[in-house]
Amino acid sequence: MKGLKGLKAARRAAKMTQAKLSLQIGISVTAISLFENGKLNPTLETLRALCTALNASADFLVNGEVCRVD
């Protein structure tokens, strides 16, 4: 995994700025930017916090799409 392909879309859908999201989950704006640009991977704890704050699945944040199970 390199970065979070769906983070920017989920953040925008939640009408949050990088600054607001970073304050809500307690990490830097720089980290949010690095996640969105594929330059840094979050810890599991941070990924969980992002999922909760954005009401999004880890699958969506990581892959940028919802995986379907047929």
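A nonpolar core is a set of buried Ala, Val, Leu, Ile, Met, Phe, Trp, Tyr and Cys residues joined through side-chain atoms within 4.5 Å. Buried, here, means under 20% relative accessible area, while exposed means over 50% and partly exposed is anything in between (1.4 Å probe, protein chains only). Keep those two terms handy for the tour below.

First, some housekeeping. This is a predicted model, where local features need pLDDT of at least 70 and side-chain atom pairs count only at pLDDT 80 or more, while totals for chains, interfaces and linings use all residues. Residues are numbered from 1 along each chain as its sequence is written, and side-chain values use heavy atoms, with hydrogens and water left out.

**The overall picture**

The chain has five helices and zero strands, so to speak in DSSP terms: helices are runs of H or I with at least four residues, strands are runs of E with at least two, and both are numbered from the N terminus. Going along the sequence, the pattern reads α-α-α-α-α. Along the principal axes, the C-alpha atoms fill a box of roughly 40 × 25 × 20 Å. The radius of gyration (taken over C-alpha atoms, with a globule rule of 2.2 Å times the number of residues to the power 0.38) is 11 Å, which agrees with the value near 11 Å for a compact globule of 70 residues.

Of the 70 residues in the chain, 34% are buried. The chain exposes about 4,500 Å², and carbon and sulfur atoms supply 53% of that; the areas come from the Shrake-Rupley method with a 1.4 Å probe, and for residues only the protein chains shown count as cover. As for contacts (heavy atoms within 4.5 Å), take those in the chain with a separation of 6 or more: residues 24 or more positions apart account for 57% of them.

**The core and helix α4**

In soluble globular proteins, nonpolar side chains tend to be buried together. Here the largest nonpolar core has 17 residues, and L4, L7, L21, L50, L54 and L61 have the most contacts inside it. Helices α1, α2, α3, α4 and α5 each give two or more residues to this core. Which element gives the most to this core? That would be α4, with five residues.

The buried residues of α4 are T46, L47, L50, C51, A53 and L54, and what covers them includes α1, α2, α3 and α5. L54 is a good one to click on: leaving aside neighbours within four places in sequence, L54 is in contact with L7, A10, R11, A14, M16, L21 and L61. T46, also in helix α4, touches I25, I27 and F35 when neighbours within four places are left aside.

Over in helix α2 sits S22. Not counting residues up to four places away in sequence, S22 touches I27, S28, V29 and I32.

**One salt bridge**

Side chains of opposite charge can pair when their charged atoms come close. A salt bridge is a side-chain nitrogen of Lys or Arg within 4 Å of a carboxyl oxygen of Asp or Glu, and a search of the whole structure finds one. How far apart, N to O, are the side chains of R11 and E36 in their salt bridge? The distance is 2.6 Å. This pair links distant parts of the chain, with R11 in helix α1 (residues 7–13) and E36 in helix α3 (residues 29–36), 25 residues apart. Both R11 and E36 are buried.

**Two loop residues with positive phi**

Most residues other than glycine have a negative phi. K15 goes the other way, with a positive phi of about 55 degrees although it is not a glycine. K15 is found in the loop between α1 and α2 (18–25). N55 has a positive phi too, near 50 degrees, and N55 lies in the loop between α4 (44–54) and α5 (58–63). In sequence, α4 is followed by N55.

To place K15 relative to helix α4, try E45: the C-alpha atoms of K15 and E45 are separated by 22 Å, with their positions 30 residues apart along the chain.

**Buried or exposed?**

Here are four of the residues met above, with their accessibility.

| Residue | Relative accessibility | State |
|---|---|---|
| K15 | 73% | exposed |
| N55 | 74% | exposed |
| S22 | 5% | buried |
| T46 | 13% | buried |
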